[in-house]
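Me: I am new to this structure and would like a close look at a single part of it. Please take me through the nonpolar core and its surroundings, and then place that part within the whole chain.

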Amino acid sequence: TEAMFENSRAWARECGLTWLHVFPYSPRKGTPAARMPQVPGAQIKARAAQLRALGADLAAVHLAAQVGQTHRVLLENPRMGRTEQFTEVQFSADQPVGQIVAATIIGHDGKQLLAG
C-alpha cells in the first residue's frame with residue numbers, strides 16, 4: 001500500500017541509512033510473495049525512482065557530515081580505501097595498499113569522500 005511504502009521511506013530516514021540498494025521486486029512463481037497482492041509495474045518503477053532519490057539525498061547528508069572528521073581507512077588500491085563504515089575515500093597521493101591509515105576528510109564529490 002502507499003502507507004507501507006511511505007513507512008519504508010520514513011524508516012530509511014529515521015534509521016540514518018546512508019546507502020540504499022534499490023531494485024524492483026519480481027515475484028517468483030510458487031513463493032508466498034507471489035500469492036500476495038501485486039503492485040502495478042508503473043507504480044513499482046515510480047517507487048524505485050523515489051527510493052533511489054531518497055538514497056542519493058541520504059548519501060549526500062552522510063558525506064557532508066564526514067568533512068573535517070578523521071577516519072581509519074583500509075586502502076584497497078594506492079588512491080582509494082574505505083572507512084570502517086564502508087564509505088569510499090579517494091586520496092590525492094598514493095597510500096600503502098592493504099594498510100589502515102588515518103585520513104582527515106577534506107571534502108566529497110557526491111559519491112565518495114576526499115582526503116588530502
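Reply: Val-101, once its neighbours within four places in sequence are left aside, is in contact with His-71, Arg-72, Val-73, Leu-75, Phe-91, Gln-95 and Pro-96. This comes from a predicted model, and local features are described here on that footing. Val-101 belongs to the largest nonpolar core, which has 10 residues in all, and its partners Val-73, Leu-75 and Phe-91 are also among the members. The remaining members of the core are Leu-63, Val-89, Ala-103, Ile-105, Leu-113 and Ala-115. Strands β1 (70-77), β3 (88-91), β4 (100-108) and β5 (113-115) each supply at least two residues of this core, and β4 gives the most, with three residues. As a general background, nonpolar side chains in soluble globular proteins tend to be buried together.

A second member of this core, Ile-105, has its place in strand β4. With a relative accessible area of 1%, Ile-105 falls under the 20% limit and therefore counts as buried. Not counting residues up to four places away in sequence, Ile-105 touches Gln-66, Val-67, Gly-68, Gln-69, His-71, Val-89, Leu-113 and Leu-114. Of these partners, Val-89 and Leu-113 are core members too, and His-71 is a residue that Val-101 also contacts. The C-alpha atoms of Ile-105 and Phe-91, which are 14 residues apart along the chain, are separated by 9.5 Å.

Strand β2 (residues 80-83) holds Thr-83, a residue that is not listed in the core but is buried, with a relative accessible area of 6%. Leaving aside neighbours within four places in sequence, Thr-83 is in contact with His-71, Arg-72, Val-73, Val-89 and Leu-113. Val-73, Val-89 and Leu-113 in that list are residues of the core, while His-71 and Arg-72 are also contacts of Val-101.

Two residues offer a contrast to these buried ones. Phe-86 lies in the loop between β2 and β3 and, at 55% relative accessibility, counts as exposed. Phe-86 also has a positive phi of about 75 degrees although it is not a glycine, and as a general matter most residues other than glycine have a negative phi. The other residue, Val-61, is found in helix α2 (residues 41-66) and counts as exposed, at 59% relative accessibility. Val-61 and Gly-110 are 49 residues apart in sequence, and their C-alpha atoms are 9.6 Å apart in space.

To place this part within the whole, the chain has two helices and five strands, and read along the sequence it follows the pattern α-α-β-β-β-β-β. The radius of gyration of the chain is 19 Å, well over the 13 Å that the globule rule gives for 116 residues, so the chain is more spread out than a compact globule. Along its principal axes, the C-alpha trace spans about 55 × 25 × 20 Å. Of the 116 residues, 28% count as buried, and the accessible surface comes to about 7700 Å², with 59% of that area belonging to carbon and sulfur atoms. Among the contacts in the chain with a separation of 6 or more, 54% are accounted for by residues 24 or more positions apart. Finally, the chain has 12 positive and 9 negative side chains, and the centres of the two sets lie 12 Å apart.

Note on methods. Residues are numbered from 1 along each chain as its sequence is written. This is a predicted model: local features need pLDDT of at least 70, side-chain atom pairs count only at pLDDT 80 or more; totals for chains, interfaces and linings use all residues. Side-chain values use heavy atoms; hydrogens and water are left out. Helices (H or I, at least four residues) and strands (E, at least two) are DSSP runs, numbered from the N terminus. The radius of gyration is taken over C-alpha atoms; the globule rule is 2.2 Å times the number of residues to the power 0.38. Buried means under 20% relative accessible area, exposed over 50%, partly exposed in between (1.4 Å probe, protein chains only). Contact means heavy atoms within 4.5 Å. Accessible areas come from the Shrake-Rupley method with a 1.4 Å probe; for residues, only the protein chains shown count as cover. Lys and Arg count as positive and Asp and Glu as negative; His and the chain ends are not counted. The place of a charge is taken as NZ of Lys, CZ of Arg, CG of Asp or CD of Glu. A nonpolar core is a set of buried Ala, Val, Leu, Ile, Met, Phe, Trp, Tyr and Cys residues joined through side-chain atoms within 4.5 Å.
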